[in-house]
Amino acid sequence: MNVGIIGSGTMGSGIAQVAATSGCKVKLYDTNQDALDKAKAALEKILLRLIEKGRIDSHEKTRIQSNISYVDSLKALADSNLTIEAIIENLDIKQKVFSELESYVADDCIIASNTSSLSIASIAAALQKPERCVGIHFFNPAPLMKLVEVIPAIQTSKAVLETSVQTISDWKKVVAVAKDTPGFIVNRVARPFYGESLRIYEEGIADFATIDWSLKTIGGFRMGPFELMDFIGNDVNYTVTETVFTAFYFDPRYKPAFTQKRFAEAGYLGRKSGKGYYDYSEDATKPAPIENTTLAEKIFNRVIVMLINEAADALFLNIASAEDIDNAMTKGVNYPKGLLAWADEIGIDLCVNALDRLYNEYHEDRYRCSPLLRKMSREHKTFF
């Protein structure tokens, strides 16, 4: 298969590596020759590191590199069977690129977007053959993260969806098919991990370190929400939250937090700026959490029921299957368990009661219980 990748940044380069490793002939396109040179040098460094770790040998390194060519003309992608765009999250720019690309490629070439937040239907609308367009959303770093969300627009043909799913599966990725709605699966369902943790902080219940410690110790998460927001970048994470909030017609469940907005405005972006919720300067000492098990359980229980509620509502609205939702959260953001399986383990009755207590305390719509959770509780059903 001939694969064209548009954009040689971290994500585009990572997708190119995945496709090339699977034996595809890849053309990595960028308008900036310096960016292409950096991508080529970065791949060399990554592959050398894999040799050092014993993951590949020199012959495999040569094979992967020989499968990738670097081009600065969009027309060079004319022989592609599949193209994946991984450029700036701007609808106008994506539509312009897709419209030009379509004039070069064959009628049966699949044109895909790696967008994490934009409507696939809107992107497809720029094409003469919108049925060829689909969302193929990788997670960073693409070579390491197992999950790929495949998102058909309402225009996407069944054949294009089936081919896309099969191709990504052949690339040894776990595919989750999601409806074309804001945030798809992961960026929608994960919002409470950040939002409810920020709310707990804003209420003065616990500080950043204690909230992080609670979710790692009781919940088994690899990183706490504030560590993770600092890792992602407060500006990036805030923008995703704001985008989802706006796209869902200002549903209170996705309401951004002023704390994160102010941190982003102050330039406290996390690791990349040297300071975020934590100080990353060389001589900084990370604050110690309050290791109170009762408090930690209270924090964990509040966050986990909000996450479960969001996962249940995604299932209720047919965003994806139960299996794909749980796979998305374990393979896309490394959650220790699938949220729907977690609900079964905790007990759906307990989840409903916890949500009702929060709603009765705050009388805010952000705490409304998913109709599916309530129905399952009433009928004594489980997800799996």
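Start with the largest nonpolar core of this predicted model. It has 84 residues, and the members that touch the most others are Ile 185, Phe 193, Phe 221, Ile 304, Leu 339, Leu 373 and Phe 383. Helix α13 (residues 293-316) supplies the largest share of this core, 13 residues. Apart from that core lies another one, with 33 residues, including Leu 43, Ile 68, Ala 86 and Val 150. Here's the usual background: in soluble globular proteins, nonpolar side chains tend to be buried together.

Zoom in on Phe 383 for a feel of the packing. Not counting neighbours within four places in sequence, Phe 383 is in contact with Ala 312, Leu 315, Leu 340, Ala 343, Asp 344, Ile 348, Leu 372, Leu 373 and Met 376.

Next stop, helix α14 (residues 322-332). Of its 11 residues, 8 are buried, so α14 is largely enclosed by the rest of the structure. The buried ones are Ala 322, Asp 324, Ile 325, Asp 326, Ala 328, Met 329, Thr 330 and Gly 332. Who does the covering? The elements over these buried residues include β7, β8 (174-177), α7 (186-189), α13 and α15 (339-346). Just past the end of α14, Asn 334 adopts a positive phi of about 60°.

Now follow β7 over to its partner, strand β6 (residues 133-138). All 6 of the 6 residues in β6 are buried, so this strand too is largely enclosed by the rest of the structure. In a regular strand the side chains alternate between the two faces of the sheet. You can see two sets in β6: Cys 133, Gly 135 and His 137 point one way, while Val 134, Ile 136 and Phe 138 point the other way, and all are buried.

What flanks β6? Strand β5 (residues 110-113) runs parallel to β6 and is joined to it by 3 bridges, with Ile 111 standing opposite Cys 133. Strand β7 (residues 147-152) pairs with β6 in the antiparallel sense over 5 bridges. There, Ile 136 has Val 150 as its bridge partner, and Val 150 is also among the members of the 33-residue core.

Step back along the chain to Arg 132, in the loop between α5 (120-124) and β6. Is this arginine buried or exposed? Arg 132 counts as buried because its relative accessibility is 4%, under the 20% cut-off. Its side chain reaches the backbone oxygen of Cys 109 at 3.3 Å. Leaving out residues up to four places away in sequence, Arg 132 touches Glu 102, Val 105, Ala 106, Asp 107, Cys 109, Ile 110, Ile 111, Leu 127 and Val 160.

That brings up the cysteines. How many disulfides does the structure hold? The count is 0. Cys 24 is in no disulfide, and its nearest cysteine sulfur, that of Cys 109, is 13 Å away. For Cys 109, the closest cysteine sulfur belongs to Cys 133 at 11 Å, which is too far for a bond. Both residues are tucked away: Cys 24 is buried with a relative accessible area of 6%, and Cys 109 is buried at 0% relative accessibility.

Finish with Thr 210, which sits in helix α9 (residues 208-217). At 1% relative accessibility, Thr 210 counts as buried. A polar contact of 2.7 Å links its side chain to that of Asp 207. Beyond its neighbours within four places in sequence, Thr 210 is in contact with Pro 289, Ile 290, Leu 295 and Ile 299.

Technical notes:
Residues numbered from 1 in each chain as written. Predicted model: local features only at pLDDT ≥ 70, side-chain atom pairs only at ≥ 80, totals over all residues. Heavy atoms only, no water. Buried < 20%, exposed > 50% of the residue type's maximum accessible area, 1.4 Å probe, protein only. Helix = DSSP H or I, 4+ residues; strand = E, 2+ residues; numbered from the N terminus. Pairing = 2+ DSSP bridges. Polar contact = N/O pair within 3.5 Å; in protein donor to acceptor, adjacent residues only side chain to side chain. Contact = heavy atoms within 4.5 Å. Core = buried A, V, L, I, M, F, W, Y, C linked by side-chain atoms within 4.5 Å. Disulfide = S-S within 2.5 Å.
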